[in-house]
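Colleague: Got a minute to go through this model with me? I'd like to talk side-chain contacts.

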Amino acid sequence: MSPNNNNIIEVKDLDVFYGAIQALRKVSLSIKRGEIVSLIGANGAGKSTLLNSIFKIPTIVGGSIHYNGDDITALKTHQISRLGISLVPEGRHIFPRMTVLENLLLGCTPLGFQHKDEDLKRIFALFAVLKERKDQAAGTLSGGEQQMLAVGRALMSRPKLLLLDEPSLGLAPLIIRDIFKTLVSIAKEDTTIFLVEQNARMALKISTRGYLLVNGKIEIEDSAKNLINNPEVVEGYMGK
Amino acid sequence: MSKKESYKKLFKQTFLFFLVTVFIFVPLVGIKLLGWKYSLRIPNALFLIFGLTVIRFMIGVINLTPRLRGPFRKVFSQVSYLPHVAPTSISQRKKSLLFLVIALSFVLPFVIEQYWLSVMITALIYVMLSLGLNIVIGFAGLLDLGYVAFFAVGAYGVALLHHFFQIDFWLAMPIAAFLAMLVGGLLAFPVLRMHGDYLAIVTLGFGEIIRLLLNNWTEFTRGPNGVILPRPYISFFGIPFDKNSPNSFHNLLGIEYSLSHKSIFLYLCLLLIVIAVTYFCLRLKKMPLGRSWEALREDEIACRSMGINHVTIKLFAFGLGAFFGGIGGGFFAALTEFVSPSSFTFIESALVVSIVVLGGLGSIPGVIIAAVVMTLLPEVLRDIANVRVLMFGVVMVVMMIWRPRGLTRVLRPRFNKTSK
Amino acid sequence: MMWEIIQQTVNGLALGSIYGLIAIGYTMVYGIIGMINFAHGDIYMLGAYVTAISIAVISSIASMPVVLLLSLTVLIVVPITALHGYVLEKIAYKPLRHAQKLSALITAIGMSLFLQNYIQISQGARNQGIPTLISGGFTLWTDKISSLSAVMSYTQVVILVVTLVSMLTLAYVIKSTSLGRQCRSTQQDQMMSAMLGVNTDRVISVVFIIGAGLAGVGSVLVTLNYGSFDFFIGFIAGIKAFTAAVLGGIGSVTGAMLGGLLLGMSESFFSGLVNADYKDVFAFGLLIFFMVFKPTGLLGTPEVTKV
Ligand SMILES: Nc1ncnc2c1ncn2[C@@H]1O[C@H](COP(=O)(O)OP(=O)(O)OP(=O)(O)O)[C@@H](O)[C@H]1O
Ligand SMILES: [Mg+2]
């Protein structure tokens with residue numbers, strides 16, 4: 001097993017269990033630097049589980065995870081973000097009783113505070129509304145604003161690899177478009193993106209490649225173009 | 001990590017550990033307060049510091065040596081659950097063993113001396129208390145830290161009924177036990193909606209309030225001086241154990257007077273009651289009430305949504321537990337012939353809790369054995385008597401980390417699988 | 001009558017500050033790991049012993065002004081109680097982080113018994129004490145008719161000042177430092193905090209250290225005020241401080257302080273105006289009342305339980 005050095009992350013034969021239930025079965029995938037890769041699948045397929053296991057939230061029973069060629073399978077949750085990986089988890093998980101600014105500052109934890117002003121400026125430029133609300137308790141933000149905050153917070157640590165779990169969930173189409181635009185521009189600034197989406201068409205449009213996860217197993221791996229035209233994917237995951 | 005590196009790390013960790021022990025033991029063990037002065041006890045501190053550091057180092061070495069690690073881990077690994085199906089009936093060997101134990105415990109009072117007899121009575125009282133608390137903690141999963149309150153109500157009930165109305169033990173004891181049950185029900189009401197640590201704190205506060213009332217309400221309870229009962233207080237169902245009265249026990253039987261008659265009688269009565277209570281608890285576990293408790297303990301929310309009336313079953317748990325505590329208290333008063341608030345401190349509650357924990361939270365034989373061992377051990381090993389409470393503390397911590405379900409296995413009756 | 005009201009207010013404030021200082025430890029630990037640290041009161045008890053020991057040792061080495069003596073004592077006591085808090089967490093709480101609540105609670109009680117008996121063995125069972133270090137006080141009010149006066153002792157002044165300084169420092173740390181933000185975020189969402197790179201194990205240790213350190217400050221102040229103590233004081237003080245934490249709303253640091261003051265004041269008025277013998281009954285009654293009727297306390301956020 002020699003990790004490919006072009007791959008920013010490489011997951012190999014990952015097995016994850018919740019109690020007796022196996023959520024991931026021998027999942028393998030790899031992402032090259034600078035790519036945007038989408039992961040699509042039905043509810044309960046194990047998409048969130050896969051993203052979370054990169055952060056060691058569920059216990060990993062078998063398999064390995066390499067980041068930039070280094071084995072990170074044994075690291076603890078809090079050590080992962082120090083490597084330059086950020087996660088926007090499903091359900092946002094902002095800290096409701098802290099202000100917007102404090103939420104953002106927590107995003108600095110892995111990096112330290114040397115660049116905090118610069119980074120804040122960058123985030124406020126991306127999401128102007130956060131600047132207006134910076135002293136408001138995050139729990140009082142609207143759903144879309146909370147999503148922006150979650151993305152902004154993840155960007156504060158200048159991630160090399162950004163994992164997003166359904167960033168469009170519950171948002172108005174206009175805002176979804178904004179967020180996706182933002183993602184594309186982030187990707188241009190040397191950030192690799194791994195995106196989980198229910199909204200498969202939209203996700204694949206901005207992606208280079210995609211994976212289809214079914215019942216905890218990778219069924220299809222292909223370029224985004226092919227996936228958009230794959231009848232199985234179209235029928236099962238794109239509606240219409 | 002290479003071997004050298006990991007040893008380096010171990011040395012570093014051991015050194016830090018050493019520093020921590022120095023700062024912990026030098027001020028509090030190495031120096032002893034004497035009035036406003038102090039004296040040095042540095043050797044004691046050094047003993048602890050180096051002893052613990054060496055142990056820490058050895059554990060590190062074992063962990064780094066694959067050959068030793070395996071068996072070591074096996075012994076010290078946590079056992080979080082024990083998949084175990086209870087046998088449908090007790091084996092013949094166990095039955096005869098049980099019979100032997102019961103027979104022996106009936107013979108016991110006639111062969112041991114007075115002092116050990118009272119120790120055995122104390123042990124039985126603790127068995128009684130532990131069985132009662134086992135219902136609340138072990139069966140229903142409600143951590144009651146004020147259990148001593150019911151013990152106190154039982155003891156004071158008996159003592160005060162005699163003090164004010166000269167009521168005999170055999171009438172006073174049931175009354176006191178029912179009183180304790182009533183108090184238990186009373187306590188159950190405010191805590192119906194609680195669980196976990198809130199419940200623990202409220203019951204603890206309740207136990208303290210009872211003790212403080214006993215201490216301060218001098219007109220009724222005689223305060224810190226306590227209530228003195230006549231000696232001998234207990235009678236053979238009305239026939240006194242008096243030395244001088246003409247129609248007392250020994251005169252009627254025409255035997256030599258002995259102080260131990262009273263104790264033997266007390267012991268045997270208590271033994272019978274304990275056996276009855278044990279049988280009752282064993283049955284209880286298999287009855288619908290016992291099963292509802294189990295459901296309550298494992299998952300209150302699910303239990304409630306399944307339509308089990310959690311109010312009634314909590315009331316039953318507290319009430320029954322308190323009732324047995326009250327009986328224990330009554331016998332305690334009869335044994336010591338004197339009650340005072342200082343016998344009913346939190347330590348007493350904690351002691352019974354630790355017995356139930358050691359016995360295995362819900363396992364009746366385990367609880368009985370633990371109660372007897374925990375009362376006898378400090379008597380047998382006089383040297384450790386003054387570290388008794390320390391030992392209980394350690395036992396509670398170690399047990400919860402190492403064997404959270406107790407030393408003995410919990411035998412849970414299960415429904416027999418019917419083959420289809 | 002007026003002098004009595006003023007006197008009880010002063011006594012209540014001083015007493016309440018100390019309850020508040022100890023209550024912080026309960027409330028922060030509860031906020032972050034959802035467990036009552038039963039042994040917290042015993043850390044405070046242990047602090048009282050360290051206080052007396054360091055005063056005895058320091059004054060046997062050199063005589064110095066009281067201010068210096070007390071500052072040195074605080075500098076010795078606080079790190080030692082804090083270290084005990086740290087070790088306590090490592091031994092009794094960390095292994096049980098994911099265990100049943102009942103197990104963790106029993107461990108905590110075991111730890112509390114252990115500490116009491118450990119001190120009883122190493123320091124002896126009898127009452128201990130320190131000489132009066134600060135005497136005298138301000139007269140705040142003198143009644144014209146009875147010429148009774150309300151006095152605020154210098155010790156009480158020290159208590160109030162030290163408590164205020166400690167509280168302001170703590171408030172600053174929690175509100176405005178990165179460590180404080182990490183504490184709060186861990187309290188609100190431990191998993192997310194860890195994913196953002198917060199070492200939550202370390203944060204939990206820090207919380208135990210802060211709580212135990214403040215309890216150490218409390219022990220110095222109490223010992224200064226009352227002069228005598230034994231190995232059992234942690235029990236009652238612990239329940240009282242926990243009551244304060246509940247009054248203010250468990251999990252809230254400001255609440256703990258306010259709850260402490262409230263409890264101190266009501267206890268001192270109760271014992272001054274109603275009955276001193278029943279002041280503990282009153283405090284425990286208050287605890288049960290709040291637990292039953294207003295478990296969220298005065299400032300706490302309602303706990304969401306799924307039923
Ligand atoms: N903490 C948990 N405990 C037990 N089972 C879990 C847990 N989290 C997820 N599961 C189970 O694992 C499976 C995969 O869940 P996961 O959240 O990864 O799905 P998903 O693909 O993200 O679904 P969705 O599109 O609905 O978000 C599901 O069957 C779920 O029920
Ligand atoms: Mg999901």
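Colleague: Is Asp117(A) buried or exposed?

Modeller: Exposed, with 53% relative accessibility. Bear in mind that this is a predicted model.

Colleague: Which side chain does Asp117(A) meet in a salt bridge?

Modeller: Lys116(A), at 4.0 Å from N to O. Lys116(A) is partly exposed, at 27% relative accessible area.

Colleague: How many salt bridges turn up over all chains?

Modeller: The search of the whole structure gives 18.

Colleague: What about Lys262(B), which residue does that one bridge to?

Modeller: Glu337(B), with the closest N and O atoms 3.0 Å apart. The two sit 75 residues apart and link distant parts of the chain. Lys262(B) is in helix α11 of chain B, and Glu337(B) is in the loop between α14 and β6 (338-339).

Colleague: Are Lys262(B) and Glu337(B) buried or exposed?

Modeller: Both are buried.

Colleague: Now chain C. Where are the partners Lys94(C) and Asp201(C)?

Modeller: Their side chains form a salt bridge at 4.0 Å, N to O. Lys94(C) is in the loop between α3 (66-93) and α4 (101-123), while Asp201(C) is in helix α8 (residues 200-226), 107 residues apart. Shared partners join them with Glu89(C), Lys90(C) and Arg97(C) in one network.

Colleague: How exposed is Lys94(C)?

Modeller: Partly, at 33% relative accessibility. Asp201(C) is partly exposed too, at 28%.

Colleague: Switching to aromatics. How many aromatic pairs over all chains?

Modeller: The count is 34. One of them is Phe169(B) with Phe331(B), edge-to-face, 5.3 Å centre to centre and 75° between the planes.

Colleague: What does that pair tie together?

Modeller: Phe169(B) is in helix α7 (residues 169-188) and Phe331(B) in helix α14 (residues 310-336), so the contact ties parts of chain B that are 162 residues apart in sequence. Both rings belong to buried residues.

Colleague: And which ring pairs with Trp170(B)?

Modeller: Phe265(B), edge-to-face, at 6.0 Å centre to centre with 70° between the planes. Trp170(B) lies in α7 and Phe265(B) in α11 (residues 260-286), so this pair bridges 95 residues of sequence. Trp170(B) is partly exposed at 21%, whereas Phe265(B) is buried at 9%.

Colleague: Last one, the metal. Which residues are the protein donors of the magnesium ion?

Modeller: Ser48(A) through OG and Glu90(A) through OE, listed twice, lying 1.9 to 2.6 Å from the ion. Ser48(A) is in helix α1 (residues 47-54) and Glu90(A) in the loop between β6 (85-88) and α3 (100-106), 42 residues apart.

Colleague: Is Ser48(A) buried or exposed?

Modeller: Buried, at 16% relative accessible area. Glu90(A) is partly exposed, at 36%.

How values were computed:
Residues numbered from 1 in each chain as written. Chains lettered and ligands numbered in written order. Predicted model: local features only at pLDDT ≥ 70, side-chain atom pairs only at ≥ 80, totals over all residues. Heavy atoms only, no water. Donors = N, O, S within 2.8 Å, 3.2 Å for Na, K, Ca; no water. Helix = DSSP H or I, 4+ residues; strand = E, 2+ residues; numbered from the N terminus. Buried < 20%, exposed > 50% of the residue type's maximum accessible area, 1.4 Å probe, protein only. Phe/Tyr/Trp six-rings, centres within 6.5 Å; stacked < 30°, edge-to-face > 60°.
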